[in-house]
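Reader: I'd like to learn how to read a few features off a model. Can you walk me through some, one at a time?

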Amino acid sequence: MITSPRIRVALVIATLINMVAISIHLKLSHELHEYGRGVKVPIASGVTLLGEKWQADPSVRCHVVRMTSDDCQYCEQDEAAYEEIRVIAKRSQCQVIEVSPIAGKLAPNLRDGVIQLKYVNEDLGVVVEPFITPHTMVLGPGGTLVWMHRGVMGRSAIKDGGKAIRSVGLLDSG
Amino acid sequence: MNPEDSSAQIQANVGANDGGSLVPMLLLHGLVCVASVVTVVDYRAFKELESRDLGSAEIPTMGSLRGQDAVSGLEWSVRSDDLRFVVLFRIGAESRTLDFWKDVAARTRSTADAVEFVAVCAAPGGCGEEVSIDGLTTISSLDPYQMRALSVAESHGRALLYRGQLLKEAFQVGLSPVEVAAAVVALVGRESEV
């Protein structure tokens, strides 16, 4: 039993402070998790590494946007995880867009279903975060952002990303 | 009462009080520790959210002034050894119109020749028909870093002044072309003296 009134008051105050801090924490965690969702990229377009104009095909239901750079060691570290995401994207008939923060930091690497851009239009430029490499996001129908992950992807990020791709893609049997 | 019994009773009471205050004190320490850890985590989460907010982000000074010309489709760039001044701004629904900037360019050209005005069109075809004024270029795309710099500036109602590849100033865009042209001329004059 707590006998000292001072300790009793201190405990009540400490409990209240904790409740406030935990409430703020839950709110911020929710905001961080939900950040950017629903943001739209109405028309993604740009210029490919080969200098050709490119514009997203409106009939493609989803796009995976990957911010990466050849001189980024975390991107190299994340390559296996990204490969898994790319495979899921291909199976789900999603197009993958690779872009580097600064033009010239990405070597051409032709792969089926992957487009590499050196310049982006404003719609796409506002959504991608050039300060963070690697950075992966999934855009659903109408260019709506449905998932994104900043930094190297762990198992749970691959799982969440895969789930997001499947939810907006087509014909995924895996 | 036996003095020895009395002393034993006092010691027993003291022991009981120690035990009674030890648990609440430990609980109090625990709560303070938890509150401290949660506060630190909250602060980090808050800073991260703040860093993602375009409006509060700082305008990055590095990048590459390269993009695609909206009219010719050719690559547009400023070489790093090129010391000409470039004013980069956005044309969009909420921004100043292209005519506004044409006016600014015309007024600036009469006093400061070496300024190139570069408009980034918010959407394909957003800059309309071919621009027929000297010193004003329209581009449809930039690299992401530069596009971000422009978006951050735009969210603060600013345009960007470069000398070569180097960002010199993110200046407030005034309400009239006369005001903006005067600001550009003043900035160019100041930077030319450096």
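Reader: Let's start with the sulfurs: which residue does a disulfide join to A:Cys72?

Author: First the general idea: a disulfide is a covalent bond between the sulfur atoms of two cysteines. Keep in mind that this is a predicted model. Here the partner of A:Cys72 is A:Cys75, with an S to S distance of 2.1 Å. The torsion about that S-S bond is 95 degrees, making the link of A:Cys72 and A:Cys75 right-handed. Both A:Cys72 and A:Cys75 are buried.

Reader: How many disulfides are there over all chains?

Author: Two, from a search of the whole structure. The other pair is A:Cys62 and A:Cys94, with sulfur atoms 1.6 Å apart. Its torsion is about -75 degrees, so the disulfide of A:Cys62 and A:Cys94 is left-handed. A:Cys62 sits in the loop between strand 2 (53-55) and strand 3 (63-67) of chain A, while A:Cys94 sits in the loop between helix 3 (79-91) and strand 4 (95-99), so the bond ties together parts that are 32 residues apart in sequence. A:Cys62 is buried at 0% relative accessibility, and A:Cys94 is buried too, at 7%.

Reader: What pattern do the disulfides of chain A follow?

Author: Count the bonded cysteines along the chain and you get 1-4, 2-3.

Reader: Now helices. What should helix 3 of chain A span at 1.5 Å a residue?

Author: For its 13 residues, 18 Å, and the end C-alpha atoms of helix 3 of chain A are indeed 18 Å apart, so the two agree.

Reader: And which residues of helix 3 of chain A are buried?

Author: They are A:Ala81, A:Tyr82, A:Ile85, A:Arg86, A:Ile88 and A:Ala89. These cover an arc of only 165 degrees around the axis, so they lie on the same side of helix 3 of chain A. A:Ala80 and A:Lys90, on the other side of that helix, are exposed.

Reader: There's an arginine in that buried list. What does the side chain of A:Arg86 meet in a salt bridge?

Author: The general idea is that side chains of opposite charge can pair when their charged atoms come close. In this model A:Arg86 meets A:Glu83, at 2.1 Å from N to O. The two lie three residues apart in helix 3 of chain A, about one turn of the helix. A:Arg86 counts as buried because its relative accessibility is 12%, whereas A:Glu83 is partly exposed at 34%. They also belong to a network of salt bridges that links A:Glu79, A:Glu83, A:Arg86, A:Glu98 and A:Arg111.

Reader: Which residue forms a salt bridge with A:Glu84?

Author: That's A:Arg155, the closest N and O atoms being 2.9 Å apart. This pair links distant parts of the chain: A:Glu84 is in helix 3 of chain A and A:Arg155 in helix 5 (residues 155-168), 71 residues apart. A:Glu84 is partly exposed at 32% relative accessibility, and A:Arg155 is exposed at 57%.

Reader: How many salt bridges are there over all chains?

Author: The count comes to 19. One in chain B pairs B:Asp99 with B:Lys102, at 3.8 Å from N to O. They are three residues apart in helix 2 (residues 98-109) of chain B, so about one helical turn separates them. B:Asp99 is exposed, with a relative accessible area of 55%, but B:Lys102 counts as buried at 19%.

Reader: Last one: which residues form a nonpolar patch on the surface?

Author: A:Val9, A:Ile13 and A:Ile17, which together have about 270 Å² of accessible area. A:Val9 is in helix 1 (residues 5-34) of chain A and is partly exposed, at 49% relative accessible area.

Terms used: Residues are numbered from 1 along each chain as its sequence is written. Chains are lettered from A and ligands numbered from 1 in the order in which they are written. This is a predicted model: local features need pLDDT of at least 70, side-chain atom pairs count only at pLDDT 80 or more; totals for chains, interfaces and linings use all residues. Side-chain values use heavy atoms; hydrogens and water are left out. Patches are made of residues with over 30% relative accessible area and no salt bridge: like charges are joined within 9 Å, nonpolar side chains (Val, Leu, Ile, Met, Phe, Trp, Tyr) within 5 Å. Accessible areas come from the Shrake-Rupley method with a 1.4 Å probe; for residues, only the protein chains shown count as cover. A salt bridge is a side-chain nitrogen of Lys or Arg within 4 Å of a carboxyl oxygen of Asp or Glu. Helices (H or I, at least four residues) and strands (E, at least two) are DSSP runs, numbered from the N terminus. Buried means under 20% relative accessible area, exposed over 50%, partly exposed in between (1.4 Å probe, protein chains only). A disulfide is a pair of cysteine sulfur atoms within 2.5 Å. The expected span of a helix is 1.5 Å times one less than its number of residues. The arc is that of the directions from the helix axis to the C-beta atoms.
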